[in-house]
Amino acid sequence: MIASRIRRVSCIGFGACVVLFALHAACVGEVIEVESRHLPPILITSALEGNIEPCGCGGNFSGGLEDSTRSIAAARRYGDLWVDMGQAIGGGPLKRFVLTEVLAAWRDAQVDCICLGSDELGFVEEIARATNVPIVCANVRHRALRTHWDVGGLRFSSVVSPELAGDVDASSARTALQSIIADADAAGKLPVVGLHAREPERR
């Protein structure tokens with residue numbers, strides 16, 4: 001779940017790849033703010049996973065959609081951009097209700113780019129109708145989707161492992177990730193990729 005605190009991360013140099021693996025945060029996570037000399041600060045959120053109500057951890061009732069949106073709106077007064085890296089809806093029985101709430105938050109706080117996770121793949125049409133910002137997933141073909149979104153020296157994208165894509169036809173995650181890195185390197189961009197995959201089992 002995303003909490004109200006914002007952690008700043010400096011983005012240094014190009015030719016590497018920032019991979020946000022799985023994007024499953026702890027109960028109270030963070031809104032990550034990426035800072036670079038090449039562009040305004042960027043807020044990165046992920047892994048709300050349908051938890052739209054505050055969790056109440058530690059008695060301070062952090063987290064939840066309203067708290068996160070308030071934090072983002074406050075930061076954006078200073079010109080920050082906002083990218084959501086997916087896994088917002090969760091897999092519960094109220095997915096369509098949660099989708100409605102998340103879409104409203106994205107609209108009201110003016111998200112700049114939506115990188116899809118496996119949660120969102122079944123709702124691409126609804127998301128596309130509700131917003132006019134770039135919607136990104138590199139290894140799923142759909143007329144409403146882009147493979148990436150460039151801003152300044154960064155290239156944002158997401159990749160979903162086929163086994164998590166459900167009924168959606170997704171190509172190889174490994175091939176897509178390799179292509180993102182190679183293409184971004186050729187363009188002089190630093191790729192920031194949300195990789196939605198099962199974590200490998202620990203032996």
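Start with the whole chain: read along the sequence, it runs β-β-β-β-α-β-α-β-α-β-β-β-α-β. Keep in mind as you click around that this is a predicted model. Colour the chain by secondary structure and you can look for 4 helices and 10 strands. The chain has 203 residues, and buried ones make up 50% of them. Now think about who touches whom: among contacts with a separation of 6 or more, 69% are between residues 24 or more positions apart.

**Stop 1: the largest nonpolar core**

Select Trp106, Leu116 and Ile127. Within the largest nonpolar core, which has 31 residues, these three touch the most other members. Next, show helix H1 (65-76), helix H2 (95-108) and helix H3 (124-130), the elements that each give two or more residues to this core. Which of them gives the most? That's H2, with 6 residues.

Stay with Trp106 and show its surroundings. Leaving out residues up to four places away in sequence, Trp106 touches Trp82, Asp84, Ala88, Val111, Ile114 and Ile127.

There's also a second, separate core, made of 14 residues. To find this second core, select Leu81, Met85, Cys113 and Leu190, which are included in it.

**Stop 2: the cavity**

Trp106 turns up again here. How many cavities of 30 Å³ or more are there? The count comes to 1, and the space inside the largest cavity is about 110 Å³. Select Leu48, Leu65, Trp82, Asp84 and Trp106: of the 13 residues in the lining, these lie nearest the centre of the cavity.

Now switch on H1, strand S5 (81-84) and H2, since each of these supplies at least two lining residues. H1 gives the most to the cavity lining, with 4 residues. Try colouring the lining by class, and you should find 9 nonpolar, 3 polar and 1 charged.

**Stop 3: the largest pocket**

Move on to Cys137, Ala138, Asn139, Val140 and Thr147. They lie nearest the centre of the largest pocket, which is lined by 21 residues. The volume of this pocket is about 380 Å³.

Two elements give two or more residues to the pocket lining: strand S9 (154-160) and helix H4 (173-186). The largest share, 5 residues, comes from H4. Colour this lining by class too: you'll get 7 nonpolar, 9 polar and 5 charged residues.

**Stop 4: Asp167**

Follow the chain from S9 towards H4, and in the loop between them you'll meet Asp167. Is Asp167 buried or exposed? Its relative accessible area is 86%, and a residue over 50% is called exposed, so Asp167 counts as exposed.

Now add Leu121 and draw a distance between the two C-alpha atoms. Asp167 and Leu121 are 46 residues apart in sequence, and the C-alpha to C-alpha distance is 8.9 Å.

**Stop 5: His196**

Finish in strand S10 (residues 190-196), where you'll find His196. Why does His196 count as buried? Its relative accessibility is 2%, and buried means under 20%, so His196 is buried.

Before you leave, show the side chain of Gln87 as well. A polar contact of 3.3 Å joins the side chains of Gln87 and His196.

Key:
Residues are numbered from 1 along each chain as its sequence is written. This is a predicted model: local features need pLDDT of at least 70, side-chain atom pairs count only at pLDDT 80 or more; totals for chains, interfaces and linings use all residues. Side-chain values use heavy atoms; hydrogens and water are left out. On a 1 Å grid over the protein atoms alone, a cavity is a set of points where a 1.4 Å probe fits but cannot get out, and a pocket is an open set with protein on both sides within 12 Å along at least five of seven lines; lining residues have an atom within 4 Å of a point. Grid points are joined across faces, edges and corners, and a volume is the space filled by probe spheres set on the points. Ala, Val, Leu, Ile, Met, Phe, Trp, Tyr, Cys and Pro count as nonpolar, Asp, Glu, Lys and Arg as charged, and the others, Gly among them, as polar. A nonpolar core is a set of buried Ala, Val, Leu, Ile, Met, Phe, Trp, Tyr and Cys residues joined through side-chain atoms within 4.5 Å. Buried means under 20% relative accessible area, exposed over 50%, partly exposed in between (1.4 Å probe, protein chains only). Contact means heavy atoms within 4.5 Å. A polar contact is a pair of N or O atoms within 3.5 Å; within protein, one must be able to donate a hydrogen and the other to accept it, and residues adjacent in sequence count only if both atoms are side-chain atoms.
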